Amino acid sequence: MDGFVAEMFKREFASPAIYGVSVKNTPSGGDYDVIASWNQRLVYVEVKSSPPKGVEQSEISTFFSRINDILPDVAFLFNDTQLRMKDKLVVMFEDDLMRRYGRESENSLSRGKVD
């Protein structure tokens, strides 16, 4: 799936992209699924192909840690599923953001709506 997402960036957005990237000496361990350059912006995509129930809190936490390591302009967690994500993935995102940033993250979360 990582290769598919990288190819999508190349074909659909004319953006250079690589997948399975290892970055040395990063605090969170540098195994980035997809790194792309779109309109001169650094994009990081974490790809999950398991159903939401197979994604663990530690994977969400590592996703946010990797964002802090490379500071992309845009980051996505792409979960290839047709199942509802609100019951588990959204809750894990909220929990991790609350743990990292406290009440400040709650204010920014309330501006967006996930169905």
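A salt bridge here is a side-chain nitrogen of Lys or Arg within 4 Å of a carboxyl oxygen of Asp or Glu. By this rule the count comes to six salt bridges. The structure is a predicted model, so local features need pLDDT of at least 70 and side-chain atom pairs count only at pLDDT 80 or more, while totals for chains, interfaces and linings use all residues. Residues are numbered from 1 along each chain as its sequence is written, and side-chain values use heavy atoms, with hydrogens and water left out.

Start with the overall layout. The protein has four helices and four strands. Both are DSSP runs numbered from the N terminus: helices are H or I with at least four residues, strands are E with at least two. Read from the N terminus, the order is α-β-β-β-α-β-α-α. Of the 115 residues, 31% are buried. Buried means under 20% relative accessible area, exposed means over 50%, and partly exposed lies in between (1.4 Å probe, protein chains only). The protein exposes about 7,500 Å², and carbon and sulfur atoms supply 51% of that area. Accessible areas come from the Shrake-Rupley method with a 1.4 Å probe; for residues, only the protein chains shown count as cover. Now take contacts, defined as heavy atoms within 4.5 Å. Among those between residues at least 6 apart in sequence, 58% join residues at least 24 apart.

Next, the salt bridges. In general, side chains of opposite charge can pair when their charged atoms come close. In helix α1, K10 pairs with E7, with the closest N and O atoms 3.4 Å apart. The two residues are three apart in that helix, about one turn. K10 is partly exposed at 37% relative accessible area. E7 is partly exposed too, at 33%.

Helix α3 (residues 89-101) holds D96 and R99, three residues apart and separated by about one helical turn. Their side chains meet in a salt bridge at 2.8 Å, N to O. D96 is buried at 2%, whereas R99 is exposed at 54%. D96 also forms a salt bridge with R100, and here the closest N and O atoms are 2.4 Å apart. R100 sits four residues from D96 in helix α3, again about one helical turn. R100 is partly exposed, at 24%. Elsewhere, salt bridges that share partners join E46, K48, E59 and R66 into one network.

Now turn to the strands. Strand β1 (residues 17-23) runs antiparallel to β2, and six bridges join them. Two strands pair if DSSP finds at least two bridges between them. A17 has A36 as its bridge partner in β2. Six residues lie between the strands of this hairpin, and N25 takes a positive phi near 60°.

Just before β1 comes P16, in the loop that follows α1 (2-13). P16 counts as exposed, at 56% relative accessibility. Beyond residues up to four places away in sequence, P16 touches I35, A36 and S37. Q40 is 24 residues from P16 in sequence, yet 9.9 Å away in space, C-alpha to C-alpha.

Finally, look at D33 in strand β2 (residues 30-38). What is the nearest side chain of opposite charge to D33? It is K48, 5.3 Å away; D33 is buried yet has no salt bridge. The side chain of D33 does have a polar atom 2.7 Å from the backbone nitrogen of V47. Leaving aside neighbours within four places in sequence, the contacts of D33 include D2, I18, Y19 and V47.

Definitions and conventions: Lys and Arg count as positive and Asp and Glu as negative; His and the chain ends are not counted. A polar contact is a pair of N or O atoms within 3.5 Å; within protein, one must be able to donate a hydrogen and the other to accept it, and residues adjacent in sequence count only if both atoms are side-chain atoms.
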